[in-house]
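I opened this entry to look up charged side-chain pairs. My notes follow the model.

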Amino acid sequence: MTTQGVDDAVREKQPITERRLHPVTPLRRAWAPIAVLIGWAVHDPDQAQRQLTRLTTTTLLLALAVLVPAAALYGFLTWWFTHFAVTDSELRVRTGLLFRRTAHIRLERIQAIDITQPLLARVAGVAKLKLDVIGTDKKDELAFLDAEEARTLRAELLARAAGFAPETAHEVGEAPSRQLLRVPPTVLAISLVLTGATWGTLAAAIAVPTILWLVTESVWTVLATAVPLIGAAGASSVGRFVAEYDWTVGESPDGLRIDHGLLDRAHETVPPGRVQTVRIVEPLLWRRRGWVRVELDVAGSSNSLLLPVAPREVAESVVAHVLPGTTVPSRAALSRPPRRAARCMPLWWRGYGLSVTEAAFAARTGLFRRSLALVPHAKVQSVRLTQGPWKRLWGVADVHVDTGANKTVTARLRDAEEAAELLRSQAERSRTGRRDARPDRWMA
């Protein structure tokens, strides 16, 4: 047996050390039974009110005396029966009070690990680990761990995912990071004020309840309509400001790191090689200031925002780190559809554009809210051409590019002959791009 084989055999015989979550975790899980009762009361408020009116004060106190200890016991038992362990090849998580469940997460399939700290978790000094795993739609998580332990475990898992040996993974530590950009709070606030969605939801929150009051004079109808609209207006303005506050982007060997949040802090990572599409969004009221928003489509990840607001030149430099070798085409480099496309889409056809470079397929849509999508040729999974009867009459067609994130980028209203040639050439570019692309790898 070789030396490597002996080492592997010794590692396999070593006992696996299981760990528990932070002792504060039962407080989080104890709310589950109470949340079930609250959900039932909200779902059927009339029935809940009738049941409560039948209960005496003594009965209510007895019910609370039973419910609170039961909830505390449930939280403690679920914490007690939850363990996790890191082996040479996987992360194992055992959960379940009555029905046991063991999750085996292969380390080489981990593509990103985020650290989040809700407000109360920051006060308690704990954090939550969220894992993006290839082939799963929902993030696996470990909640909660000591904040320092969470950072150490994240660094160890990423080191092992990068191919470091288990005995050296502890020594690697967290990869160093270099700050690329920080969004000032004043710029973020001004950008939200200049966003059409903010004013649209605010106008709806004022106008719709007023009209309903004039028509129905029913307080309950007005409240039932006003509360969701006010909530939507708050989410599109104050909610976004709180979530995107102190947005910082840094570069490290394990990808681009994003830190943000006023109350709940989040530490996210954009994994290298997994970005399928980059969208540069330019709202109408931002153009005078030269600001843009950068959004992402990442395969197997829910991270979808790279920059909430930034000058276009700065945003393009950050995009170059996400898509190495790809340059953002200028407005002059985007070719418009033929003028006869106006027969199919009056006025809006002017917002469409296309540019195909050696590195990426770029398509622009939108007249007032422009959006330029860039797809590296190596990330294209399929190419389709569609042409309805009306478009066929005027000799135009749409070319759709499908990516690995189950999203589609479309070059709209192209000349029919150009679209057919684009279909053939893009299929060839995608084939050669995938053949020549470097493998997705951590800490390259």
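I checked Arg424 first in my notes: Arg424 is exposed, at 53% relative accessible area (buried is under 20%, exposed over 50%, partly exposed in between, with a 1.4 Å probe and protein chains only). Its partner Glu421 is partly exposed at 41%. The two side chains form a salt bridge, 2.9 Å from N to O (a side-chain nitrogen of Lys or Arg within 4 Å of a carboxyl oxygen of Asp or Glu). Both residues sit in helix α14, residues 416-436, three residues apart, about one turn of the helix. I took helices (H or I, at least four residues) and strands (E, at least two) as DSSP runs, numbered from the N terminus.

I noted the basis. The model is predicted, so local features need pLDDT of at least 70 and side-chain atom pairs pLDDT 80 or more, while totals for chains, interfaces and linings use all residues. Residues are numbered from 1 along each chain as its sequence is written, and side-chain values use heavy atoms, leaving out hydrogens and water.

I then looked up Arg331. Its side chain meets that of Glu282 in a salt bridge, 2.9 Å from N to O. Arg331 lies in the loop between α12 (312-322) and β14 (353-356) and Glu282 in strand β11 (residues 275-282), so the pair ties together parts 49 residues apart in sequence. Arg331 is partly exposed at 46%; Glu282 is buried at 6%.

Next I took Lys391. It bridges to Asp398, with the closest N and O atoms 2.4 Å apart. Lys391 is partly exposed at 22%, and Asp398 is buried at 3%.

I also found a salt-bridge network linking Arg240, Glu244, Arg293, Glu295 and Arg369. My total for the structure is 24 salt bridges.
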